[in-house]
Amino acid sequence: MDNNNAVNAFAALAQGTRLDAFRLLVSHEPGGLPAGEIARLLGVPHNTMSTHLATLQRVGLVTAERQSRSIVYRVSLDSLRNVVTFLLKDCCSGHPDICAPLIADLVPCCSPKEKINA
């Protein structure tokens, strides 16, 4: 990722509704959500949400797939990884122990969910 791509990604996320939509989609991986459901959950008119989702899609942060009559949006995990890596790549001047708390904060959200035996 270069500076221009990073700036475009951050610009797309620098608006409240788009940031809310992106975070909502992150929480619904891997299945994604239909555009109408995103709009409903965030209390945003459908046409406004479509515009915001198109902005996120244009910079590669989300993907869209038609499923029957709905368009289902998903986060591009590769793009998310690229943005986060871009921010952290030169972290801590080669002292990974300084970055350990930052990485530790990510572990609980990314751990596999426990299987419940029925």
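**View 1. Ser-68 sits in the loop between strands E2 and E3.** Helices here (H or I, at least four residues) and strands (E, at least two) are DSSP runs, numbered from the N terminus. This is a predicted model, where local features need pLDDT of at least 70 and side-chain atom pairs count only at pLDDT 80 or more, while totals for chains, interfaces and linings use all residues. Residues are numbered from 1 along each chain as its sequence is written, and side-chain values use heavy atoms, with hydrogens and water left out. So what's odd about Ser-68? Its phi is positive, about 60°, although this residue is not a glycine. Is Ser-68 buried or exposed? With a relative accessibility of 67%, Ser-68 counts as exposed (buried means under 20% relative accessible area, exposed over 50%, partly exposed in between, with a 1.4 Å probe and protein chains only).

**View 2. E2 and E3 make a hairpin.** Just two residues lie between these strands, and Ser-68 is in the turn. E2 and E3 run antiparallel and are joined by six bridges. (Two strands pair if DSSP finds at least two bridges between them.) Follow the rungs along E3: Val-62 stands opposite Val-75, Glu-65 faces Val-72, and Arg-66 is across from Ile-71.

**View 3. Three strands line up as an open sheet.** In which order do the strands come? The order is E1-E3-E2, with antiparallel pairing. E1 (33-34) and E2 (62-67) are the edge strands, so called because each pairs on one side only. Two bridges join E1 to E3, and Pro-34 stands opposite Val-72 in E3. Remember Val-72 from the hairpin view: Glu-65 stands opposite Val-72 as well.

**View 4. A cis peptide bond links Glu-29 to Pro-30.** The omega angle of this bond is near 10°. Where should you look for Pro-30? Check the loop between H2 and E1.

**View 5. The largest nonpolar core has 20 residues.** A nonpolar core is a set of buried Ala, Val, Leu, Ile, Met, Phe, Trp, Tyr and Cys residues joined through side-chain atoms within 4.5 Å. Which residues have the most contacts inside this core? They are Leu-25, Ile-38, Leu-53, Leu-56 and Leu-61. Two or more core residues come from each of H1 (3-13), H2 (16-27), H3 (35-42), H4 (46-58) and strand E3 (70-75). H2 gives the largest share, four residues.

**View 6. Ile-38 touches plenty of neighbours from elsewhere in the sequence.** Leaving aside residues up to four places away in sequence, Ile-38 touches Ala-21, Leu-24, Leu-25, Leu-33, Met-49, Leu-53 and Tyr-73. (Contact means heavy atoms within 4.5 Å.) Two of these names, Leu-25 and Leu-53, are also on the list of residues with the most contacts inside the core.

**View 7. Stepping back, the protein has six helices and three strands.** Starting at the N terminus, the elements go α-α-β-α-α-β-β-α-α. The C-alpha atoms fill a box of roughly 50 × 50 × 20 Å, taken along the principal axes. Of the 118 residues, 26% count as buried. Look at contacts between residues at least 6 apart in sequence, and 53% of them join residues at least 24 apart.
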